[in-house]
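Reader: I am new to this structure and would like to understand the words used for it. Could you take me through a few of them?

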Amino acid sequence: MANRASLKLPEWQLQDLFDAENEPPLEVQLRGLLAEAENLARDYKGRLHALDAEVLNEVLMHYQSISAGAARLTSYADLAFAGDMGDAGLGKLAQDTHEAEHAIDAVLVFVEHELTAMDAGRISGLLAEAPMARWAPWLRLLRALRPHQLSLELETMLIDRQASGRGAWVRLFDELAARWRYPYQGRDCTEAEILDLLTDADAETRRQAGAVRSAVLAEHSATIALIFNSIAKDKQVEDKWRKFPHPVSSRNLANDVEDDVVDALVASVNESMPRLSHRYYALKAQAMGVERLNWWDRLAPFPGGIGDGEDERKFSWDEARKIVRAAFGGFDAEFADLADQFFVRNWIDAPPRAGKDSGAFAHPTVPSVHPYILLNFHGKARDVMTLAHELGHGVHQILAGEQGYIMASTPLTLAETASVFGEMLVFQHLMAATDNPQARRRFLANKIEDMLGTVTRQIGFHNFEVRFHEARKNAEVTADAIGDIWLETQRHALGPAVDLDASYRPLWGGIPHFFHAPFYVYAYAFGDGLVGALWQKYQLAGDSGAREKFVDAYKNLLRAGGTKRHDEILAPFGLDARDGAFWRLGLDMIAGMIDQLESELGYE
C-alpha cells in the first residue's frame, strides 16, 4: 500500500499537438488555415449542388483537413489552459485560438449549409456513387438539422458571435472557478482537494470541508446565477429561432437520439429512485449508526471496510496502472495495449495542483494525433476507477479515430459506453483480487455509489436543468429560486435518508456541465444503462467463442464512432433502447448489487 507522499504522478506533454520549438507560431498556422478556407469558399461556395461525386468528395476531404487542423491547435490551447486555469496568459491563448477557429468555421459554414439544404434526390444520387458513399452517416446527421437550419447569413453570425456570447460566459465561469480557494485548517485548498476531503474517513473533516465548499459557492452565488441565466437565455434565443420545441431537444438531436427514448430513460430512473438511491442511502445511514446522513457524509467511506477508524487503502500510481492494465487485458489484449500507450507516452496529467481543472476528462483532440487525459489523482480506490473511466474514453477515441475527424465524434449517449465499461472491468478485477470480506463490502459499496452517481444523481441533475430552463423562459431566475429548484430535485434524487439542509442550496454552482454543455448529464445515465445491459450480455456469453464474438462486436461498436445510430449499434447484442426492458436491465443490476450488500451486512 502507498501513502500519498509516495505517489509519483505524470504530467502530460503536449508537443504532439503543438511543438513551439519546431513549428510556426499558432497564430501563423491559424492564419494559413483561414486562407485555405477562404480559397475553398471562393472556388466552391454556392456550387456544391452542381458538383459530381468525385469533386464533392475532394471538397469534403479538404474541408475536413482544414477543420481538423484548426481543432488540433485549439485542443493544444484548451489543454494548456486546463492545466493551469489561473494563468491569464493561457486563458488569453485559449480565447484567441478559439476566436481564430470560429473565423475559419464562419468561412466554411457554407459547406454544411448547402449540403443540408440540397434536394433529397440529389443527395441520394451522390451517395450512390463510390467516392461519396463514405460520407453517408455524416450527411444523415447533418440533414437531420434541416428543419432547424437558419439562413446562411444567420448561421455565419452565430458562429462569429460565439466568442462574445455563450463562450465568453463559459470562460468567465471557468476562470472564476479556477481562482476560488477553500480555506481549511489554515491552508487554502483547491476545489479538487476540498472535494477529496468530502470522502475522508473522519466525520469532522467532512463536515468542515462541506461547510467551506458551501460558503465559497454561496459567496459567489449571485455571479454564478448571472452566468447561468445568461447561458440559458442565449440558448433560449437560438432554440426559438431554430424552432426546437423543448430546451432539451437540440441536445437530443445532437446526440442522435429521439426525444421519446430520452423520456423513457428519465421516467425509468425517476420511477426507480426509491428502490435504488433512496434505499441505498438508508442502508448506509443504518450502517453508520444514524437515522439520516448529512449531505457532506454522502461520500464517506462505507463503515466496516478495512477496519474501524482505518483509512481507506491508498494506491500508488504504478499500482493503479497495473490494476487497469490487468483488468483491461483480461477483457482484450488490444484494449490493454491501447490504454498502456497513455502511460508510456505521457498522455496523462494526474497531479492535483492549484489552478488546474478540478475534474477529469479525456480530450479526443484529433485522430491524426491522440487523446489526452486529465484527472486529479489522490490514490483512493475511486481515483483508480476514474482512471479506468477516462482510459475507457481514451481507448474509444483511438478506435473511433479510424473514421476520420468529421465522423469520429460519438454522440454523448454512446460516448460513455467504453468509460463505464472500463470502470466495470476494474471493479470486477478488484473484487476478484480481494479476499477480505470487509474490504470487498467497501469495494461493493463504492461501486454502488459510483453507479448511483452516474444514474440517479445525473438524472437528478437533468431534472434540475429541465426545471431551471423552463423557469428561465419567463424571467431571470434568482440565485434563491435556483436554490429552491436544486433542493427539490436533489431531495427527490437522493431520498429522505440524506439531509439536504440550507447549506446544500448553493452547490448547484459547482457542477461545470450545467455551464459547459446544457443537458449533457443524462448521457451518463444512458451510458450506464447501456453498459449494464451489455455487461449482462457479456456474462451470459459463457464459452470462449461466445465471449470472443462479444469482444469483437463491442470493439466494432467503439470503432463506429459517429457513423451509426444507437439502434444499429445495439442490434448485434439483441438490445433496443426503445424497449423499457432495456433500461430495467441496467437498473436491476444496481438493485441486485444493493441486495448483495444488504445480505452481506446481515440487514433485513
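Reader: Where does Phe519 lie?

Author: This is a predicted model. In it, Phe519 lies in the loop between α24 (513-516) and α25 (522-540).

Reader: Why is Phe519 counted as buried?

Author: Buried means under 20% relative accessible area. Phe519 has 1% relative accessibility, so Phe519 counts as buried.

Reader: What is notable about the phi of Phe519?

Author: Phi of Phe519 is near 70°, a positive value in a residue other than glycine. For background, most residues other than glycine have a negative phi.

Reader: And what is the phi of Gln185 near?

Author: Gln185 also is not a glycine, and its phi is positive, near 50°. Gln185 is found in the loop between β1 (182-184) and β2 (187-189).

Reader: How do you know whether Gln185 is buried or exposed?

Author: Exposed means over 50% relative accessible area. The value for Gln185 is 58%, so Gln185 is exposed.

Reader: What makes Glu58 partly exposed?

Author: Partly exposed covers what is in between, with buried under 20% and exposed over 50%. Glu58 has a relative accessible area of 48%, therefore Glu58 is partly exposed. As for its place, Glu58 is found in helix α2 (residues 53-83).

Reader: Which residues gather with Glu58 in a patch of negative charge?

Author: Asp52, Glu54 and Glu129 gather with Glu58 in that patch on the surface. The patch is called negative because Asp and Glu count as negative.

Reader: Let us turn to helix α25. Why is Gln536, which lies in this helix, called partly exposed?

Author: Its relative accessible area is 28%, so Gln536 is partly exposed, given that this class runs between the limits of 20% and 50%. The C-alpha atoms of Gln536 and Leu585 are separated by 7.9 Å, with the two residues 49 apart along the chain.

Reader: What is the order of the strands in the open sheet of three strands?

Author: The order is β4-β6-β5, with mixed pairing. β4 (348-349) and β5 (361-363) stand at the edges because each has a single partner strand, so one side of each is left without a neighbour in the sheet.

Reader: How do you know that β5 and β6 pair?

Author: Two strands pair if there are at least two bridges between them. β5 and β6 (residues 372-374) have three bridges, in the antiparallel sense, so the definition of a pair is met. As one example, Ala362 has Ile373 in β6 as its bridge partner.

Note on methods:
Residues numbered from 1 in each chain as written. Predicted model: local features only at pLDDT ≥ 70, side-chain atom pairs only at ≥ 80, totals over all residues. Heavy atoms only, no water. Patch = residues over 30% accessible without salt bridge, like charges linked within 9 Å, V, L, I, M, F, W, Y side chains within 5 Å. Areas by Shrake-Rupley, 256 points an atom, 1.4 Å probe, with all protein chains shown as cover. Salt bridge = Lys/Arg side-chain N within 4 Å of Asp/Glu carboxyl O. Charge placed at Lys NZ, Arg CZ, Asp CG, Glu CD. Helix = DSSP H or I, 4+ residues; strand = E, 2+ residues; numbered from the N terminus. Buried < 20%, exposed > 50% of the residue type's maximum accessible area, 1.4 Å probe, protein only.
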